[in-house]
Amino acid sequence: MISYDLDNDTLYEIAVKSLTAPSNAYFWDDRLYDTHGAFVSWAERGDDLLEESNYHSALDLIRGAAGDDADDHVIDGSSSHWAVGSLRTIYVQIRETPDPCDFQGCDGDSRWWREGIETHTQFCDDHRDDYEAEGLSYEPLIPPFTEAFLEAAGIVTALLDYPFVDESDYSEREYKRFEVNLEEAVDQAHKLNWEDTDLDREAILERAYPELGELYGQQANAEVSWESVAEIWEEARDAHFSELGSLHLSAPIEGQFLLVAA
Ligand SMILES: [Zn+2]
């Protein structure tokens, strides 16, 4: 859990901001921007590794904080967006679900409460007036913030100071993607020399590996320059074949022995 000491005013501000729906947008779920605010987003089809890592890390943390309520309090939503294709967004329930109204047969949300003679009673907007009693006034009933919201608020606040939700998750993803991209670039370089055997490829790769490894971290989002890989590959390939060639030259040739014997 990310612990950030946020005062009530700050939490309130974050809640209001998260509940402000983007204009001209349609949402498939009534809870969005009503009880559930939007927190972290990720353009799934893009290649922004940091966004991807932060999204998954935040989702794990917020679901963890929500505990048994995770399925109700945390929505891993996906919507189509004109600019980025598919946009994943974490929606989080801001306040605990209100108790039902005390009025018999009503299942509306309690929004008001009043001290009674023996116990306090709570009512929805509709039934509040029906129970108006002399000398007794109603107080608004505001459920507490959910654990999921407190966690999400901590995460968005922390992100203002530091770009990673979980740096080790980011590094892991970065390295995995680098390996995939590198393999693709190596395949491409190898294809330029289609006559090389699989054994040649293995030997060249082994030779080129240290230098290929140095490409890690040189480009954003673990991208790998095909040009650099092709250059490194050619050099390793030349070295590989010239070594093979000199082995071949120094090997005894049958004819030589025949000549000597003759
Ligand atoms: Zn009611």
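Modeller: Let's start with a ruler for helices: the expected span of a helix is 1.5 Å times one less than its number of residues. Helices themselves are DSSP runs (H or I, at least four residues), strands are DSSP runs too (E, at least two), and both are numbered from the N terminus. This is a predicted model, in which local features need pLDDT of at least 70 and side-chain atom pairs count only at pLDDT 80 or more, while totals for chains, interfaces and linings use all residues. Residues are numbered from 1 along each chain as its sequence is written, and side-chain values use heavy atoms, with hydrogens and water left out.

Biologist: Okay, what does that ruler say about helix α6?

Modeller: Helix α6 covers residues 167-191, which is 25 residues, so it should span 36 Å; its end C-alpha atoms are 36 Å apart, and the two values agree. Helix α5 (147-161) can be checked too: its 15 residues reach 22 Å from first C-alpha to last, close to the 21 Å expected.

Biologist: How many helices and strands does the protein chain have?

Modeller: Nine helices and six strands.

Biologist: And how do you know how confident the predictor is?

Modeller: Through pLDDT, the predictor's confidence in each residue, from 0 to 100. The chain's mean is 88, and 88% of its residues reach 70 or more. Residues 258-262 fall below 50, and beyond near neighbours in sequence that stretch has zero contacts in the model. A contact here means heavy atoms within 4.5 Å.

Biologist: On to the zinc ion: what makes an atom one of its donors?

Modeller: Donors are N, O and S atoms within 2.8 Å of the metal (3.2 Å for Na, K and Ca); water is not among the atoms, so sites may look incomplete. Cys-101 (SG), Cys-106 (SG), Cys-124 (SG) and His-127 (ND1) lie 2.0 to 2.4 Å from the zinc ion, so they are its protein donors.

Biologist: Why is the site called tetrahedral?

Modeller: Four donors count as tetrahedral if all angles lie between 85 and 135 degrees; four count as square planar and six as octahedral if opposite donors are over 155 degrees apart and all others between 65 and 115, and anything else is irregular. The angles among the four donor atoms here are 100 to 115 degrees, so the site is tetrahedral. The ideal angle for four tetrahedral donors is 109.5 degrees.

Biologist: Where do the donors sit along the chain?

Modeller: They follow the spacing C-x4-C-x17-C-x2-H. One pair links distant parts of the chain: Cys-106 is in the loop between β3 (85-93) and β4 (112-114), and Cys-124, 18 residues apart from Cys-106, is in the loop between β5 (121-123) and α4 (125-128).

Biologist: Are those two cysteines buried or exposed?

Modeller: Buried means under 20% relative accessible area, exposed over 50%, partly exposed in between (1.4 Å probe, protein chains only). Cys-106 has 17% and Cys-124 has 6%, so both count as buried.

Biologist: What makes something a nonpolar core, and which residues have the most contacts inside the largest one?

Modeller: A nonpolar core is a set of buried Ala, Val, Leu, Ile, Met, Phe, Trp, Tyr and Cys residues joined through side-chain atoms within 4.5 Å. The largest has 24 residues, and Phe-39, Ile-62, Val-74, Ile-90, Val-92 and Phe-149 have the most contacts inside it. Two or more residues each come from α1 (8-18), β1 (36-43), α2 (49-66), β3 and α5. Another core of 18 residues lies apart from it, with Leu-49 and Ala-222 among its members.

Biologist: What does α5 pack against?

Modeller: Its buried residues, including Phe-149 and Ile-155, pack against α1, β1, α2, α3 (70-73), β2 (74-81) and β3. Among the residues that Ile-62 touches are Ala-148, Ala-152 and Ile-155.

Biologist: Why is Ser-18 called buried?

Modeller: Its relative accessibility is 5%, under the cut-off, so Ser-18 counts as buried. Ser-18 is found in helix α1, and its contacts include Tyr-33, Phe-39 and Ile-94. Ser-18 and Ile-94 are 76 residues apart in sequence, but 9.0 Å apart in space, C-alpha to C-alpha.

Biologist: And how do you know whether His-240 is buried or exposed?

Modeller: At 8%, His-240 is under the cut-off, so it is buried. His-240 is found in helix α8 (residues 226-250) and touches Asp-200, Ala-203, Ile-204 and Arg-207, not counting residues up to four places away in sequence.
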